[in-house]
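Trainee: Please take one part of this model and go through it closely. Then set that part against the rest of the chain.

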Amino acid sequence: MSSARHDRQETIKKATQLFWEKGFHATSMRNLQDVIDLRPGSIYASFGSKEGLFRETLQCYANSSLERLAKHAASLPPLDALKAFITESVSTAKGSSPSDMCMLAKTVAELTQDNAELLAEAKRLLKTIEVAFTELAAKAQQQGALDKDKDPQRIASFLQMQLMGLKAYSRATDGKANIKALIDDAFAGLS
């Protein structure tokens, strides 16, 4: 890997953390300049615009989520992998990530049609993660862990909704909710 590629990836990771914490609109060029140590001209030369950089941070966030999901899927049965991913996603939101919210869900909630392309990208990436959930639900069906009459896409949508809701609920209860029990309840409803 070239140094320039590594530096670009590091820049995107740092920007991801900043955008995830502050959101797109609250992140100023000055904030970006301070965190990623690039001047506005270099940001524009490398990414085209603040929007271009943000688009890459959304992809970085989604890729990281998909990699974590794949890691669980490599070592666990499909439903256990989904449960481990959701548990990890909610528990790591408490204190170790820049925001208690999923960056993609936070972006969808923040942006309007004034930023239609970025909004569409965040929705597309959420759908990509949901497709990965669907694939694991279908594998669980093939292995007999889920009823064959259940729609894997609907299960994936349900789990995506649960994940978003659990993150928000954990934040609303200052992390005092019994998230593990709530996750267990969500998965018990799948059987």
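Mentor: What follows starts with one loop and the helix after it, then moves to other sites and to the whole chain.

The model is predicted, so local features require pLDDT of at least 70 and side-chain atom pairs pLDDT 80 or more, while totals for chains, interfaces and linings take in all residues. Numbering starts from 1 along each chain as its sequence is written, and side-chain values rest on heavy atoms, with hydrogens and water left out.

The part chosen is the loop between α6 (103-110) and α7 (116-142), where D114 lies. Helices here are DSSP runs of H or I with at least four residues, strands are runs of E with at least two, and both are numbered from the N terminus. D114 counts as exposed because its relative accessibility is 74%; the cut-offs are over 50% for exposed, under 20% for buried and in between for partly exposed, with a 1.4 Å probe and protein chains only. From D114 to V35 the C-alpha distance is 26 Å, across 79 residues of sequence.

Beyond the loop, helix α7 contains E117. E117 is exposed too, since its relative accessible area is 61%. L163 is 46 residues away from E117 in sequence, and their C-alpha atoms are 24 Å apart.

A second loop gives another aspartate to set beside D114. D37 sits between α2 (29-36) and α3 (40-47), and it is exposed because its relative accessible area is 58%. The backbone of D37 has a phi near 55°, a positive value in a residue that is not glycine.

Inside a helix, G165 is a further site to check: it belongs to α8 (residues 152-172). G165 is partly exposed, as its relative accessible area of 34% shows. Its C-alpha atom is 17 Å from that of S97, with the two positions 68 residues apart along the chain.

The cysteines come next. The structure has 0 disulfides, a disulfide being a pair of cysteine sulfur atoms within 2.5 Å. C60 is in none, and the nearest cysteine sulfur to it, that of C102, is 13 Å away. C102 is buried, because its relative accessible area is 12%.

Now the whole chain. The protein has 9 helices and 0 strands, so the part above sits in a pattern of α-α-α-α-α-α-α-α-α along the sequence. Its C-alpha atoms fill a box of roughly 55 × 40 × 30 Å along the principal axes. The radius of gyration is 18 Å, which agrees with the value near 16 Å for a compact globule of 191 residues; it is taken over C-alpha atoms, and the rule is 2.2 Å times the number of residues to the power 0.38.

Of the 191 residues, 40% are buried. Of the contacts between residues at least 6 apart in sequence, 64% join residues at least 24 apart, a contact being heavy atoms within 4.5 Å. The exposed surface is about 10,000 Å², with carbon and sulfur atoms supplying 52% of it; the areas are Shrake-Rupley values with a 1.4 Å probe, and for residues only the protein chains shown count as cover.

Lastly, the charges: there are 25 positive and 23 negative side chains, and the centres of the two sets are 2 Å apart. Lys and Arg are the positive ones, Asp and Glu the negative ones, with His and the chain ends not counted; each charge is placed at NZ of Lys, CZ of Arg, CG of Asp or CD of Glu.
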